[in-house]
Amino acid sequence: MTATPYPILLTPGPLTTSDRTRQAMLRDWGSWDTDFNAITARIRQQVLAIAHGEGTHECVPLQGSGTFSVEAAIGTLVPRDGHVLVPVNGAYCQRIARICKTLGRRLSTIDYAEDRPMRAADIDRQLAADSTITHVAVVHCETGTGVLNPLDEIAQVVARHGRGLIVDAMSSFGAIDIDARTTPFDAVIAASGKCLEGVPGMGFVIARRTALERCEGNSHSLSLDLYDQWKYMERTTQWRFTPPTHVVAALDQALQQYVEEGGLPARGARYARNCQLLVDGMEVLGLKPYLERKVQAPIIVTFHAPADPRYDFKTFYQAVKQRGYILYPGKLTEIETFRVGCIGHFGDAGIPGAVKAIGEVLAGMGVEVGTTVDA
Ligand SMILES: Cc1ncc(COP(=O)(O)O)c(C=O)c1O
């Protein structure tokens, strides 16, 4: 059992947050108040610093879940007659493709198997063959499976061809380095409730200033117009429409803890340790990860479900929850899997405790999973 009165979330956001982060939401803020606007300014500056974008990029926060920011970035940065190339190796890449279609942006895809990272060489070939492509949009860590795509290689190829790059770094930002000084991009998109360990409710887009400056009038939408959001915030220091005040206050507190922990190197190392403990522990139980280790991001791990007919995800999930851990269903259509997140504010005992609980639950269900050793 865990020490907390509620289960640890082993999910890729919402995730388990610290008491300090949650306590930051116990006070109300006026959206016009200068103290609140100072928090917004601080968050923008800190997020920009994580990506080393000071002086070259702008951090534009936006209300809503992560998808709102992805949609806003594509709708704002890609002109209406633009053409987006989307390499697809999972559910969140498919979501980007769907956004392009919904917004009426011309779309081309390169399709991969879900257990394979996308390849810069394929993008290179496609860009060489089609000069109408204006932007490439990729997912950094494809949370649908946990596969890590080679962002820097892709960014170099896209820059060499003089096209724009839009990166959905929702589940990697803050834990896996993205350095604007060396990895060229037009936009990186992330959100409050992922590796920065805030609560969900807002996203942000780190956009190259020279790219953003050209985007007036591109957007199909009033509320998702990042250019307008940026200009308004610069002019007034306020959010254009009602801000998620408590979410902003919690993210500010979460960012303070991020810095205290040692920033990205420390956060990334903690998640990598969690991931290693998880994969090792589950393998001892006989549970096999879906991905090869060399393409696995230290964010979320997909496991093959046991083949035993006595296994049933809902029963398994509920029993593990009773023991204090919330797991995540699989997102693959063809193979039965489940996922376990490595991110969030839980102590070193979190992952070993979860592995132990999983082992006990499967044993209790009478499910055969191969070699079973006391975890
Ligand atoms: C890679 C990726 N993109 C986008 C999202 C945004 O999803 P949502 O709108 O549900 O926050 C997520 C959420 O987990 C994600 O992992």
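## Helix α4, the ligand shell and the two domains

Just after helix α4, glycine 104 adopts a positive phi of about 75 degrees. The model discussed here is a predicted one.

Helix α4 itself runs over residues 91–102, and because its 12 residues at 1.5 Å a residue should span 16 Å, the 16 Å separation of its end C-alpha atoms agrees with expectation. Its buried residues are Tyr92, Cys93, Ile96, Ile99 and Cys100. These cover an arc of only 110 degrees around the axis, which puts them on the same side of α4. As background, an α-helix has 3.6 residues a turn, so residues three or four places apart point the same way. On the other side of α4, Lys101 and Thr102 are exposed. The partners against which the buried residues of α4 pack include one helix, α3 (66–77), together with strands such as β3 (83–88), β4 (106–111) and β5 (135–139), and also β6 (141–142) and β8 (164–168).

Helix α3 appears again around the ligand, where it supplies the largest share of the shell, 3 residues. In total, 13 residues surround the ligand, and the closest are Ser65, Gly66, Thr67, Thr143 and Met170. The make-up of this shell by class is set out below.

| Class in the ligand shell | Count |
|---|---|
| Nonpolar | 6 residues |
| Polar | 6 residues |
| Charged | 1 residue |

At the level of the whole protein chain, the domain assignment gives domain 1 (8–14 + 262–364) and domain 2 (19–260). The C-alpha centres of domain 1 and domain 2 lie 27 Å apart, and the contact takes 22 residues from domain 1 and 26 residues from domain 2. On the side of domain 1 that touches domain 2, the elements giving two or more residues are α10 (263–285) and β11 (300–304), and the largest share, 5 residues, comes from α10. By class, that side of domain 1 has 13 nonpolar, 7 polar and 2 charged residues.

A further position to consider is tyrosine 328, which lies in strand β13 (residues 328–329). Tyrosine 328 counts as partly exposed because it has 19 C-beta neighbours inside 10 Å, whereas a buried residue needs 20 or more. When its neighbours within four places in sequence are left aside, tyrosine 328 is in contact with Thr11, Pro12, Phe338, Arg339, Val340 and Gly341. The C-alpha atoms of tyrosine 328 and isoleucine 300 are separated by 9.5 Å, although the two residues stand 28 residues apart along the chain.

Terms used:
Residues are numbered from 1 along each chain as its sequence is written. This is a predicted model: local features need pLDDT of at least 70, side-chain atom pairs count only at pLDDT 80 or more; totals for chains, interfaces and linings use all residues. Helices (H or I, at least four residues) and strands (E, at least two) are DSSP runs, numbered from the N terminus. The expected span of a helix is 1.5 Å times one less than its number of residues. A residue is buried if 20 or more other C-beta atoms lie within 10 Å of its own, exposed if 12 or fewer, and partly exposed in between; C-beta atoms are placed from the backbone. The arc is that of the directions from the helix axis to the C-beta atoms. Two residues are in contact if their C-beta atoms, placed from the backbone, lie within 7 Å. A residue is near a molecule or strand if its C-beta atom, placed from the backbone, lies within 6 Å of it. Ala, Val, Leu, Ile, Met, Phe, Trp, Tyr, Cys and Pro count as nonpolar, Asp, Glu, Lys and Arg as charged, and the others, Gly among them, as polar. Domain bounds come from an automatic or database domain assignment.
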